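Biologist: I should like to go through this model with you. Could you bring it up?

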Amino acid sequence: MEHMKGLTASKAASKSPTETGKPFYRTIKWDKSYYTFTGFKDPEQELQQAQRAEPTLSVWLRNNEPEATKKHDASLPRREELNRLKRELCRRFNLTDIRWQRSWGVSHRYCQLQSLSRLSHQNPEALINLQGHTVVFADQSGMDASGHVMLGTMDVHHQWTKLFEQLPGYHSLQQQTHWLKERISLLLGGTQVVHMDRLGPVQPIAEHYSSLNTFHKRLMSHHLRLHPRSLQGLTMLLENDRSNPSLHEMGHFIIPIKCDLPTLQVFLQNHAPEARRRIQRKNQLQAEEEAVVKLCLETLSLRSLSKEPSVSPAQMIQCCERLLEQRSPHMQGLQICVSHFYSVMQDGDLCVPWDCKS
């Protein structure tokens, strides 16, 4: 919000005194002499000036490090209590993990864990069915396509308890989902159906099962001639809102549920070599990313270094290399998240754009 207010103030300050009312935006590209004669601002020139005025990483860190440190220090007691509560709940109910769907602040996450902790003390029997699961605080309650138990942050304890009682039924649906994935894999030469929450909105397991069931029935009605292991090691995502199959840059196929199956067979066979090449490249980038992130943490003495899901491994690698070149002393002890913009978060985390200026 502070960033948006700054843009609004900058826009108001840049208006010419001769301008009255709202400016009239048009797609016409005027000759430079037009702006010289009328006195109006040249939008291209303003954009170039704005780009030149964008702060460098070192300048922005110097200006914002004190505020970030102050906010982080203020959040430390709550962070420690959050971690303690998480460990306690995972130990008591044998949870695999506790996660959050969104990047909520420490206070918000602490309140959500407190709510689950109160329910565990008031009605410990209700949480027995959670054993072995990963709990995700999300926008809605249920089970997602990955088998994680979602607790809606706007739901009350009664709704959570009702969900816990329904988990045995979800387990049956989960088993049927696994069976369908195995059958589809056998019919498509060993290609594995996967689901990636980070690539889109959370998909409930019932919806995922419905998609798999529809696709499996269509496959059974057509006899595809694919060698049982010809596509071993490849992966695919099923989607409802597409008409043609495609190959993602990360190497997985994106397959429409209602696509033409003979066309699908030809597509899979023709693009299998490129899919393997992209998967190999993805694995290589991920290994490079892990190595350079570890180097940044050690060399720059950062408290943590993470990234937004929309930042690719290649972009993260470029950013880390730029951070290592800078070696700014203002980074020591900070929690940095690589994103697409500059920002100081409410708990002292610093967001920096992956393509920030050196």
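Modeller: We can take the overall make-up, then the cores, the strands and the packing of helices. Please bear in mind that this is a predicted model.

Biologist: How many helices and strands does the protein chain have?

Modeller: The protein chain has nine helices and twelve strands. Of its 358 residues, 39% are buried. About 20900 Å² is exposed, and carbon and sulfur atoms supply 51% of that area.

Biologist: And what share of the contacts between residues at least 6 apart joins residues at least 24 apart in sequence?

Modeller: That share is 65% in the protein chain.

Biologist: Let us turn to the interior. Which residues of the largest nonpolar core touch the most other members?

Modeller: They are Ile98, Phe137, Leu151 and Phe164, in a core of 29 residues. At least two residues of this core come from each of helix 4 (57–92), strand 1 (97–100), helix 5 (106–122), strand 2 (134–138), strand 4 (149–152) and helix 6 (157–187). Helix 6 gives the most, with six residues.

Biologist: What does phenylalanine 137 contact, neighbours within four places in sequence aside?

Modeller: Its contacts include Ile98, Trp100, Trp104, Leu113, Leu116, Leu151 and Trp160. Polar or charged names appear as well, among them Arg99, Gln101, Gln112 and Thr153. A separate core of 28 residues lies apart from the largest one, and Cys296, Leu305, Val311 and Cys356 are among its members.

Biologist: Where does phenylalanine 137 stand with respect to strand 4?

Modeller: Phenylalanine 137 stands opposite leucine 151 of strand 4. Strand 2 and strand 4 run parallel and are joined by four bridges.

Biologist: Are the two faces of strand 4 covered or open?

Modeller: Both are covered. Val149 and Leu151 are buried on one side, and Met150 and Gly152 are buried on the other. In general, side chains in a regular strand alternate between the two faces of the sheet.

Biologist: In which sense does strand 3 pair with strand 4?

Modeller: Strand 3 (residues 142–143) pairs with strand 4 in the antiparallel sense, over two bridges. Glycine 142 is placed opposite methionine 150. The two strands form a hairpin with five residues between them, and glycine 147 in the turn has a positive phi of about 90°.

Biologist: What does glutamine 174 touch, leaving out residues up to four places away?

Modeller: Glutamine 174 touches Met143, Ser146, Gly147 and Ile205. This glutamine lies in helix 6.

Biologist: Why does glutamine 174 count as buried?

Modeller: Its relative accessibility is 18%, and buried means under 20%, so glutamine 174 counts as buried.

Biologist: A change of topic, then. In what order do the four strands of the open sheet lie?

Modeller: The order is 5-6-8-7, with mixed pairing. Strand 5 (192–193) and strand 7 (246–247) are at the edges with a single partner strand each, so one side of each has no neighbour in the sheet.

Biologist: How many bridges join strand 5 to strand 6?

Modeller: Two bridges join strand 5 to strand 6 (residues 235–239), and these strands run parallel. Glutamine 192 has threonine 235 of strand 6 as its bridge partner.

Biologist: Which strands does helix 7 touch?

Modeller: Helix 7 (residues 205–221) packs on the sheet and touches strand 5, strand 6 and strand 8 (253–256). The direction of helix 7 makes about 105° with that of strand 6. Helix 8 (residues 261–300) lies across strand 7 and strand 8, at about 160° to strand 8.

Key. Residues are numbered from 1 along each chain as its sequence is written. This is a predicted model: local features need pLDDT of at least 70, side-chain atom pairs count only at pLDDT 80 or more; totals for chains, interfaces and linings use all residues. Side-chain values use heavy atoms; hydrogens and water are left out. Two strands pair if DSSP finds at least two bridges between them. Contact means heavy atoms within 4.5 Å. Axes are lines fitted to C-alpha atoms, for helices over the stretch in contact, and angles run from 0 to 180 degrees between N-to-C directions. A nonpolar core is a set of buried Ala, Val, Leu, Ile, Met, Phe, Trp, Tyr and Cys residues joined through side-chain atoms within 4.5 Å. Buried means under 20% relative accessible area, exposed over 50%, partly exposed in between (1.4 Å probe, protein chains only). Accessible areas come from the Shrake-Rupley method with a 1.4 Å probe; for residues, only the protein chains shown count as cover.
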